[in-house]
Amino acid sequence: MAVQPLNKTKIIKKKTNKIRRYQSDEFKRVKRSWRKQRGVDSCVRRRFRGKVREPKVGSKQDKKTRHMLRSGFRKLLIRNEKDIELLLMNNRTYAGEIAQGISAKTRKAIVQRAKELNARLTNAQGKLKKSPPSDEQAGRTRTPVWGDSKAYWKMLNLCFDQNGSWDFSPLLFSFLASLSLS
């Protein structure tokens with residue numbers, strides 16, 4: 001069974017809308033992430049009526065639930081195999097998140113150790129290659145539509161008529177016949 005958080009508190013967000021940077025909707029070069037206005041004459045900094053409102057201290061979330069995931073855990077970034085040991089005593093408070101640059105081999109070792117420690121990982125399935133089963137594994141033998149290559153070239157020779165132009169009607173009929181047989 002999956003690990004449950006120690007105490008699940010209802011997360012109440014004061015502000016649900018994301019605060020956007022002033023003039024980010026007007027210019028492409030101005031990105032959307034918030035930056036404080038520092039200009040001497042800035043109408044946003046001076047809090048003029050009708051302008052974008054800056055975030056205030058009161059916009060913060062409750063201290064108990066700040067940085068908490070919906071599951072009730074907080075995130076702990078795991079950069080190497082040793083970092084997973086930090087979850088040994090805190091596996092009911094923190095959930096590990098494997099860093100982006102970790103190789104698949106190290107990632108497998110971290111996931112295995114997390115199972116042993118009964119710790120939760122947010123991205124345990126990341127970067128795992130799941131290849132579809134090959135035809136041999138699925139028990140199918142693969143036969144080409146045209147059979148062997150000699151038959152294919154014979155068919156192409158039939159399509160090339162005496163005038164030196166291509167007539168694909170025999171090719172089309174044989175293709176449709178092979179589809180109806182299979």
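**Close-up views of a predicted model**

**Figure 1. The surface and overall make-up of the chain.** The accessible surface of the chain comes to about 15,300 Å², and 53% of this area belongs to carbon and sulfur atoms. The model shown here and in the following views is a predicted one. Of the 182 residues in the chain, 21% are buried. The secondary structure consists of five helices and two strands, and these elements follow one another from the N terminus in the order β-α-β-α-α-α-α. Among the contacts in the chain with a separation of 6 or more, 41% are accounted for by residues that stand 24 or more positions apart.

**Figure 2. A salt bridge between lysine 36 and glutamate 54.** The structure holds four salt bridges, and one of them brings together the side chains of lysine 36 and glutamate 54, with a distance of 3.4 Å from N to O. This pair links distant parts of the chain, with the two positions 18 residues apart in sequence numbering, although lysine 36 and glutamate 54 are each placed in the segment before β1. Lysine 36 has a relative accessible area of 43% and is therefore partly exposed, whereas glutamate 54, at 13% relative accessibility, counts as buried because the limit for buried residues is under 20%.

**Figure 3. A salt bridge between arginine 113 and glutamate 85.** The side chains of arginine 113 and glutamate 85 meet in a salt bridge, with 2.8 Å from N to O. Arginine 113 belongs to helix α2 (residues 104-117) and glutamate 85 to the loop between β1 and α1 (87-90), so this pair ties together parts of the chain that are 28 residues apart in sequence. Both partners count as partly exposed, arginine 113 with a relative accessible area of 28% and glutamate 85 at 35% relative accessibility.

**Figure 4. Glutamate 116 and the network around arginine 113.** Arginine 113 also forms a salt bridge with glutamate 116, in which the closest N and O atoms are 2.9 Å apart. Both of these residues lie in helix α2, where they are three residues apart, or about one turn of the helix. Glutamate 116 counts as exposed, with 52% relative accessibility. Through salt bridges that share partners, Glu85, Arg113 and Glu116 are joined into one network.

**Figure 5. A positive patch on the surface.** Lys15, Arg47, Arg53 and Lys56 form a positive surface patch. One of these residues, lysine 56, lies in the segment before β1 (74-78), and at 48% relative accessibility lysine 56 counts as partly exposed.

Terms used: Residues numbered from 1 in each chain as written. Predicted model: local features only at pLDDT ≥ 70, side-chain atom pairs only at ≥ 80, totals over all residues. Heavy atoms only, no water. Patch = residues over 30% accessible without salt bridge, like charges linked within 9 Å, V, L, I, M, F, W, Y side chains within 5 Å. Areas by Shrake-Rupley, 256 points an atom, 1.4 Å probe, with all protein chains shown as cover. Lys, Arg positive; Asp, Glu negative; His and termini not counted. Charge placed at Lys NZ, Arg CZ, Asp CG, Glu CD. Helix = DSSP H or I, 4+ residues; strand = E, 2+ residues; numbered from the N terminus. Buried < 20%, exposed > 50% of the residue type's maximum accessible area, 1.4 Å probe, protein only. Contact = heavy atoms within 4.5 Å.
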